[in-house]
Amino acid sequence: MMAVRRLRWQGPARTEACRVRLVGLLEAWRDAWCTGSGDISLEPALEGEVPDVEWRGAARLGGAIWLGCPQGDEARLGTLLAGQDGPDFGGIAARLAVRALEDLLARLTDASPEPAGKPGEPESDADFIRHGGIAFSLTGVLAGYRLLVDATACDRLVPPLPPARVDIASLDEAVRTQEIALSAVVPLGEQALAQSMTLQVGDVLLAGPLSAATVRLAAATGQELAAGVLTRVGDARGIRIDRSLDN
């Protein structure tokens, strides 16, 4: 049976909030490992930009972060962190860089005492972003490096806000505020069909005693809403309801 994965993506506001949070962690790492004052920053990766990197990853509490390192960059990074200009004799600078990168991943995933695990290779950028991950490109000290943060790790870095409460009116409350057109239907008695077919403008139809006639109150659709009799209210005529749809 195939596993089902929920489609999700990070909007601009959450992407920026995660970026700012990560920049703070990166700067703290730089201050701890770099003897100089090298800059470090990151920006959302450009679509389709897939550099040739070696992936190092750490996973904790269901979330994972990958650091894409340029091939063979350990010596350069180690000498930069140590503030040295010469060659890496004995591979000391490279080993320093490896320890520094492991510490960086630990800082980025440090959310509990649980030890970090090693995730597998990350998905392609398109699939990764389609499932809530964010891809960043780094500059400065880590120029040419790439950072992938999956959806769960993003939620730990910047906890999502609870959904806004929306009070939805009941159907009855919503309908009661609407306005409808009403009409009163007054019966005038019976007449032969032949006489009705000869009616002309100006003809007068005689009705019986209207005070006792049952008047139907109907909507524009013709649906009867209530029934009653004509009554007088001051100088106006009205309808006294004797029967409604509920009765």
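Let's start with helix α2: what covers its buried residues includes α1, β2 and α3. This is a predicted model, so please hear everything that follows in that light.

Which residues of α2 are we talking about? The helix takes in residues 74-82, and the buried ones are E74, L77, G78, T79 and L81. Just after α2 comes G83, with a positive phi near 75°. While we are on backbone angles, there is another positive phi to show you, and this one is not at a glycine: L61, at about 55°. You will find L61 in the loop between β2, residues 53-60, and β3, residues 63-70. Buried or exposed, then, for L61? Somewhere in the middle: with a relative accessibility of 43%, L61 counts as partly exposed.

Now on to α1 and how it meets α3. Helix α3 covers residues 92-109, and its axis comes within 10 Å of the α1 axis, with a crossing angle of roughly 145°. As for the hand of this crossing, it is right-handed. If you want to see the contact on your screens, colour L22, L25, L26, A28, W29, A32 and W33 on the α1 side, and on the α3 side L96, R99, A100, D103, L104, R107 and L108. Sorted by class, this contact between α1 and α3 has 11 nonpolar residues, three charged ones and no polar ones.

Let's stay with α1 and look at a few single residues. R19 sits in this helix. You might ask how an arginine fares here: is R19 buried or exposed? R19 is buried, because its relative accessible area is 16% and the cut-off for buried is under 20%. Its side chain makes a polar contact, at 3.0 Å, with the side chain of E16. Setting aside residues up to four places away in sequence, R19 also touches L42, E43, P44 and F136.

The partner, E16, belongs to α1 too. At 37% relative accessibility, E16 is classed as partly exposed. For a sense of distance across the model, the C-alpha atoms of E16 and Q178 are separated by 44 Å, with their positions 162 residues apart along the chain. A13 is another residue of α1, and with a relative accessible area of 64% it is exposed. From A13 to R232, C-alpha to C-alpha, the separation is 65 Å in space and 219 residues in sequence.

Step back along the chain and you reach Q10, in the segment before α1, the helix that spans 12-33. Q10 is buried, at 12% relative accessible area. What does the side chain of Q10 reach at 3.0 Å? That would be the backbone oxygen of G132. The Q10 side chain also makes a polar contact with the side chain of R14, at 2.9 Å. Beyond its neighbours within four places in sequence, Q10 is in contact with T15, G132, I134, A151 and C154.

That last name, C154, brings me to the cysteines. How many disulfides does the structure hold? Zero. Take C18: the nearest cysteine sulfur belongs to C154 and is 4.1 Å away, and C18 is in no disulfide. The cut-off for a disulfide is 2.5 Å between the sulfur atoms, so the 4.1 Å between C18 and C154 does not qualify. C18 is buried, with a relative accessible area of 0%. C34 is likewise in no disulfide, and the nearest cysteine sulfur, from C69, is 16 Å away. C34 is buried as well, at 9% relative accessible area.

C69 deserves a closer look before I finish. This cysteine is in strand β3 and is buried, with a relative accessible area of 3%. Between C69 and W55 there are 6.2 Å, C-alpha to C-alpha, for a separation of 14 residues in sequence. Which residues does C69 contact, once its neighbours within four places are left aside? The list is V53, E54, R56, L101 and Y145.

To pull two threads together: α1 and α3 cross in a right-handed way, and α1 and α3 are both among the elements that cover the buried residues of α2. Thanks, everyone, and I am happy to take questions.

Notes
Residues numbered from 1 in each chain as written. Predicted model: local features only at pLDDT ≥ 70, side-chain atom pairs only at ≥ 80, totals over all residues. Heavy atoms only, no water. Buried < 20%, exposed > 50% of the residue type's maximum accessible area, 1.4 Å probe, protein only. Helix = DSSP H or I, 4+ residues; strand = E, 2+ residues; numbered from the N terminus. Polar contact = N/O pair within 3.5 Å; in protein donor to acceptor, adjacent residues only side chain to side chain. Contact = heavy atoms within 4.5 Å. Axes fitted to C-alpha atoms, helices over the stretch in contact; angles between N-to-C directions. Left-handed = near helix turned anticlockwise from the far one by under 90°. Nonpolar A, V, L, I, M, F, W, Y, C, P; charged D, E, K, R; others polar.
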